[in-house]
Amino acid sequence: QVQLVESGGRLVQPGGSLRLSCAASGRTFSGYTMGWFRTVPGKEREFVAQICWSSGLTVYADSVKGRFAISRNNANNLVYLQMNSLNSDDTAVYYCAAVRGTDYSGRFYRPDEVDYWGQGTQVTVSS
């Protein structure tokens, strides 16, 4: 049984940094793409970043490019989202996601293509 467990969300001041972690278990994830999405009340779930488990190829949403960095630790089945220069627009529940497959075209997966979701972790950016 696949489980994705996020951690690291908290209240942070504007301009601050935060690192989210996702512990993945239940199978080997080679051949998968791991990602982060976020959602705020009243809005659709939004793609943030993804990484190919095998190759390390990354894709980012334009809104976070240059500020966020996704990475993975293959040995420990961990996926990270390093978030810098945070602003109020980054306030959301962040979800870890796993998609069976890899796409080297540079496109990002849609929420309806995700096979597994974590339970989410709240990030609040406020002074």
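A residue is termed buried when its relative accessible area is under 20%, exposed when that area is over 50%, and partly exposed in between. The structure described here is a predicted model, and the burial of its charged residues is considered first. At 6% relative accessibility, Arg-38 falls under the 20% limit and therefore counts as buried. Its salt-bridge partner is Glu-46, with the closest N and O atoms 2.7 Å apart. Glu-46 has a relative accessibility of 33%, so this residue counts as partly exposed.

Side chains of opposite charge can pair when their charged atoms come close. In this model, the count of salt bridges comes to 9. One of them joins Lys-65 to Asp-62, where the closest N and O atoms lie 3.1 Å apart; both of these residues are exposed. Another is formed by the side chains of Arg-110 and Asp-112, at 2.9 Å from N to O. Arg-110 is partly exposed, because its relative accessibility is 42%, whereas Asp-112, at 56%, counts as exposed. Arg-110 and Asp-112 also belong to a network of salt bridges that links them with Asp-103, Arg-107 and Glu-113.

Strands of a sheet pair through backbone hydrogen bonds, either parallel or antiparallel. An open sheet is formed by 4 strands in the order S1-S3-S8-S7, with antiparallel pairing. Strand S1 (3-7) and strand S7 (68-73) each have a single partner strand and stand at the edges, so one side of each is left without a neighbour in the sheet. On average, neighbouring strands of this sheet are turned by 15° against each other, direction ignored. Within the sheet, strand S3 (residues 18-25) is joined to strand S8 (residues 78-83) by 6 bridges in the antiparallel sense. Ser-21 is placed opposite Tyr-80 of S8.

Strand S11 (residues 121-125) shows an alternation of its side chains. Thr-121, Val-123 and Val-125 point to one face and are buried, while Gln-122 and Thr-124 point to the other face and are not buried. Strand S11 is paired with strand S2 (residues 11-12) through 2 bridges, and these two strands run parallel. In this pairing, Leu-11 stands opposite Thr-124. Strand S9 (residues 92-100) is likewise paired with S11, over 3 bridges and in the antiparallel sense. Here Val-93 stands opposite Gln-122 of S11.

Definitions and conventions:
Residues numbered from 1 in each chain as written. Predicted model: local features only at pLDDT ≥ 70, side-chain atom pairs only at ≥ 80, totals over all residues. Heavy atoms only, no water. Pairing = 2+ DSSP bridges. Axes fitted to C-alpha atoms, helices over the stretch in contact; angles between N-to-C directions. Salt bridge = Lys/Arg side-chain N within 4 Å of Asp/Glu carboxyl O. Buried < 20%, exposed > 50% of the residue type's maximum accessible area, 1.4 Å probe, protein only.
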